[in-house]
Amino acid sequence: MWSESVEVSSEQNQQADNFCQRALILKKNKKDEEEEEGEEKKKKAKEKKEEKKKEKEEEEKKKKKAKAKEKKKEETKKEKEEEEEKKKKKKKKKKAKEKEKEEEEEKKEKTEKKEKEEEEEKRKKEEKEKKQEEEEEEEDK
């Protein structure tokens, strides 16, 4: 094989060392850069995930708030309807009481009128009898 030895100067040796060192530095820099990019990607992905989670929570909050608002609206509507129903019942009850009172008044008036008529008839009858008695007494004399 090759038995000749190649003479390499120290300057060439230094240049080769420098070249190797630069290559190693470049390789290391490239690796660091790739790791940094990987970390950035992970960080961005995590941020994106957090952002989506936040958006979802906000959406849930909005839905919950809207649901609560709708429930409150329904409750208010129901309360208003119940209040209206109470008013109607109260009004109906009042009307019924007034009607009952009027009927009682009419009944009382009719009874009083009937009693007056009966008294008037009784008085007339008594007067008639008294007159008849007086006439009979006159005739007897």
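**Salt bridges and surface charge along helix H1**

Glu127 forms a salt bridge with Arg123, and the closest N and O atoms of the pair are 2.5 Å apart. The two residues both lie in helix H1, where a spacing of four residues puts about one turn of the helix between Glu127 and Arg123. Salt bridges that share partners join Glu120, Arg123 and Glu127 into one network. The model described here is a predicted one.

The other contact in this network is made by the side chains of Arg123 and Glu120, which meet in a salt bridge with an N to O distance of 2.3 Å. Arg123 and Glu120 are separated by about one helical turn, because they are three residues apart in helix H1. The members of the network were also examined for accessibility. Glu127 has a relative accessibility of 47% and counts as partly exposed. Arg123 is likewise partly exposed, with a relative accessible area of 37%. For Glu120 the relative accessibility is 33%, so this residue too counts as partly exposed.

A search of the whole structure finds three salt bridges. One of them is formed by the side chains of Asp32 and Lys28, with 3.1 Å from N to O. Asp32 and Lys28 are four residues apart in helix H1, which comprises residues 10-140, and therefore about one helical turn separates them. Asp32 is partly exposed, its relative accessible area being 31%.

Charge also gathers on the surface without such pairing. Lys65, Lys69, Lys73 and Lys77 form a patch of positive charge there, and the residues of such a patch have no salt bridge. Of these lysines, Lys77 has its place in helix H1.

The helix itself was then considered as a whole. H1 has 131 residues, which at 1.5 Å a residue should span 195 Å. The C-alpha atoms at the ends of H1 are 191 Å apart, in agreement with the expected span. H1 is hardly covered, as the count of buried residues among its 131 residues is zero. Buried here means a relative accessible area under 20%, and the 31% of Asp32 places that residue in the partly exposed class.

Definitions and conventions
Residues numbered from 1 in each chain as written. Predicted model: local features only at pLDDT ≥ 70, side-chain atom pairs only at ≥ 80, totals over all residues. Heavy atoms only, no water. Salt bridge = Lys/Arg side-chain N within 4 Å of Asp/Glu carboxyl O. Buried < 20%, exposed > 50% of the residue type's maximum accessible area, 1.4 Å probe, protein only. Patch = residues over 30% accessible without salt bridge, like charges linked within 9 Å, V, L, I, M, F, W, Y side chains within 5 Å. Areas by Shrake-Rupley, 256 points an atom, 1.4 Å probe, with all protein chains shown as cover. Lys, Arg positive; Asp, Glu negative; His and termini not counted. Charge placed at Lys NZ, Arg CZ, Asp CG, Glu CD. Expected span 1.5 Å × (residues − 1).
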